[in-house]
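Let's work through a few exercises together. Keep the structure open while you try each task, then check your steps against the solution.

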Amino acid sequence: MTYQVKTFNAIAQSGLDTFNDNFKINQTDDPDAYLIRSVNLRDAEFPQSLKTIVRAGAGTNNVPIHRATEAGIAVFNTPGSNANAVKELVISLMISASRNIFAANAYSNNHVGADVSKRTEADKTKFNGTELMGKKLAVIGLGHVGSLVAEAALELGMNVIGYDPYLSTDAAWNINNHVDRSNTIKQAVKNADYVTVHVPKNDETYKLIDRNVIEAMKQNSILFNYSRLGIVDNEAALEAVLDKKLKYYVTDFGEPIIADQENVIVTPHIGGSTLEAESNGATQAANTVMRYLETGDTVQSVNLPAMKVPFEAPYRFTVIHKNVPNMVGQITTILAQLNVNIASMSNAAKKDTAYTIIDVDDLNAENSIELIQKIDQIPEVYRARLIKHK
Ligand SMILES: NC(=O)C1=CN([C@@H]2O[C@H](COP(=O)(O)OP(=O)(O)OC[C@H]3O[C@@H](n4cnc5c(N)ncnc54)[C@H](O)[C@@H]3O)[C@@H](O)[C@H]2O)C=CC1
Ligand SMILES: O=C(O)C(=O)COP(=O)(O)O
C-alpha cells in the first residue's frame, strides 16, 4: 500500500527522511495526509482522500478541528517538540528586557565616532538593568512550554507562581514542586515582576490577558506573549506600556498597532524556529502520519480519543463516528450480516466523537468493499477505513 503525503510550510528534511518507502511526498492532489506547521487551513476545502492532518508543532488553532472531525480526518500535533526552543527564547528575552539590551544596542549603533568611549561611559547608566535572581515570575499555562520556563526560572533563582486550571495529571507530574499554584490569574500576576503566557488559542483564551489582568499586574513589570496573537489584548498592553505601568511588552505576534512602539519588542513568530525544534517536530509528525495510516492508532490525537491497539490480525477496520448510543451495535450488525468474524474490538470516546477499531482474520475483496460502504452509510459515521496489515 502506498500513501501520499502533502506538506505545507518548511518541514525539516530529517522529518521527510523518516518516512518509509510506502510514503510518497508531494506527488499527488489526492493526499492521505497533510503535514503542516502554521499554514492557515481554517477556510480550506479538504479533498475526500485526506485522512489525517499532522501539525509539526504545538498550536492547532490554524486547523478547523470540528470540520475536520466531521470529514473523518484525524488531527494530531507533536506535543513538546518545540517547547525547549520557546523556553530558551523567553528566558533570553527576560534577560534582554531586564538589561535593556534592545535600547542599548540601538544607542551603540547611533553613537559611533571619535568620542565614543567617553560618551559611552557617561551615557551607560541609562541602560542600567536588573537581575532575574530573586524576582518573581508568573507563568500562565503550565503545559510543555510553561513548565520548562518555570523550571528554568527556578534554576536562575527566581520565585515562580503558576496558573493552569486545566493542567493534565501527566503535566502536573512534570512541574517542579517549588512552583507556587494560584487559583486565579489575577492572584498569579499581582506581585510578579514578569508574566509569561503559554496557553493554546481558543474561545476561552482569546484576550485571556485583558485590560483587567494588566491592571492587576505590578507597576513596572514585563509581559510576554509567546502563545498566539489575541491571547494578550495588544491595545491594552500598548496603553500599559505608554502609561509606564508595563516596563516592556514582548511578543512573538506583531500587528500594526504595536509596530515601532518604544518598549514594545516584537519578534516574527520565531518561538519554535530552531534547527532542533524543527527537526523534532517534523520527525515526530512523520512518525505520527505513518502510525495513523498504517495502524489507525490515535495516541496524541487532538480530535479523537487516544487508542493504541496491538495490530495482530491481517485486517483492521477503523471507524470515526459520533459518540451516540448503538454505534458499535450498528457496525457489528453489518459485519455479522456479511459473515465477517470479529477477532478483537475496541471503542473509546472523546467528547462528541468516538472511534472504533475492529480487527478481523478473514476478509475477501467483495465483502471488504461492501462493508466499508455500508458502515460509511450509517448517518453518524464520519469515516470508515480498512487497513491491511503490512
Ligand atoms: N511562538 C511559537 O513559535 C510557539 C507558540 N506556541 C504556542 O504556545 C501554546 C502552548 O504550547 P505548549 O505548552 O506546547 O502546549 P500544551 O498543550 O502542552 O500546554 C498548554 C497549557 O495551557 C493550559 N491552559 C489551557 N487553557 C488555559 C487557561 N484558560 N488558563 C490557563 N491555562 C490554560 C493547558 O491546561 C495546558 O497545560 C501553543 O498552543 C501555541 O499556541 C507553542 C510553540 C511555539
Ligand atoms: O508550534 C507552534 O504552536 C508554533 O507556534 C510554532 O509554529 P511554526 O511551526 O514555527 O510555524
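**Exercise 1.** How many residues has the largest nonpolar core, and which residues have the most contacts inside it?

*Solution.* Bear in mind that you're looking at a predicted model. Start with the count: the largest nonpolar core holds 54 residues. Next, pick out the residues with the most contacts inside this core, which are V90, A138, I140, V195 and A237. Now see which element gives the largest share: that's helix α3 (residues 83-98), with nine residues. Apart from this core there is another one, made of 43 residues, including V5, V302, F317 and A354. For background, nonpolar side chains tend to be buried together in soluble globular proteins.

**Exercise 2.** Find the residues that V195 touches, skipping those up to four places away in sequence.

*Solution.* Two of the partners, A138 and I140, are on the list of residues with the most contacts inside the core. Then add V189, M217, S221, L223 and F224, and the set for V195 is complete.

**Exercise 3.** Is S147 buried or exposed?

*Solution.* First locate S147: you'll find it in helix α6 (residues 144-155). Then count: 26 other C-beta atoms lie within 10 Å of S147. The cut-off for buried is 20 or more, so S147 is buried. Leaving out neighbours within four places in sequence, S147 is in contact with L142, A171, N174 and I175. Finally, try N176, which is 29 residues from S147 along the chain: their C-alpha atoms are 7.8 Å apart.

**Exercise 4.** Do the same for G162: is G162 buried or exposed?

*Solution.* G162 sits in strand β7 (residues 159-163). G162 has 23 C-beta neighbours inside 10 Å, so G162 counts as buried. Beyond four places in sequence, the contacts of G162 are V139, L142, G146, A150, V179, R181 and S182. L142 turns up in the contacts of S147 and in those of G162. As for W173, 11 residues from G162 along the chain, the two C-alpha atoms are 14 Å apart.

**Exercise 5.** Which residues surround ligand 2, and how do they divide by type?

*Solution.* List them: R37, S38, G57, A58, G59, N82, G271, G272 and S273. Sorting this shell gives one nonpolar, seven polar and one charged residue.

**Exercise 6.** What separates the centres of domain 2 and domain 3?

*Solution.* Mark the domains: domain 1 (1-82 + 274-303), domain 2 (131-266) and domain 3 (307-390). Taken over C-alpha atoms, the centres of domain 2 and domain 3 are 45 Å apart. An unreviewed UniProt entry places an ACT domain at residues 316-389. That span is 32% helix and 43% strand, with its end C-alpha atoms 8 Å apart.

Note on methods:
Residues are numbered from 1 along each chain as its sequence is written. Chains are lettered from A and ligands numbered from 1 in the order in which they are written. This is a predicted model: local features need pLDDT of at least 70, side-chain atom pairs count only at pLDDT 80 or more; totals for chains, interfaces and linings use all residues. Helices (H or I, at least four residues) and strands (E, at least two) are DSSP runs, numbered from the N terminus. A residue is buried if 20 or more other C-beta atoms lie within 10 Å of its own, exposed if 12 or fewer, and partly exposed in between; C-beta atoms are placed from the backbone. Two residues are in contact if their C-beta atoms, placed from the backbone, lie within 7 Å. A residue is near a molecule or strand if its C-beta atom, placed from the backbone, lies within 6 Å of it. Ala, Val, Leu, Ile, Met, Phe, Trp, Tyr, Cys and Pro count as nonpolar, Asp, Glu, Lys and Arg as charged, and the others, Gly among them, as polar. UniProt positions are given in the numbering used here, feature names are shortened, and annotations may be inferred rather than shown by experiment. A nonpolar core is a set of buried Ala, Val, Leu, Ile, Met, Phe, Trp, Tyr and Cys residues joined through C-beta atoms within 7 Å. Domain bounds come from an automatic or database domain assignment.
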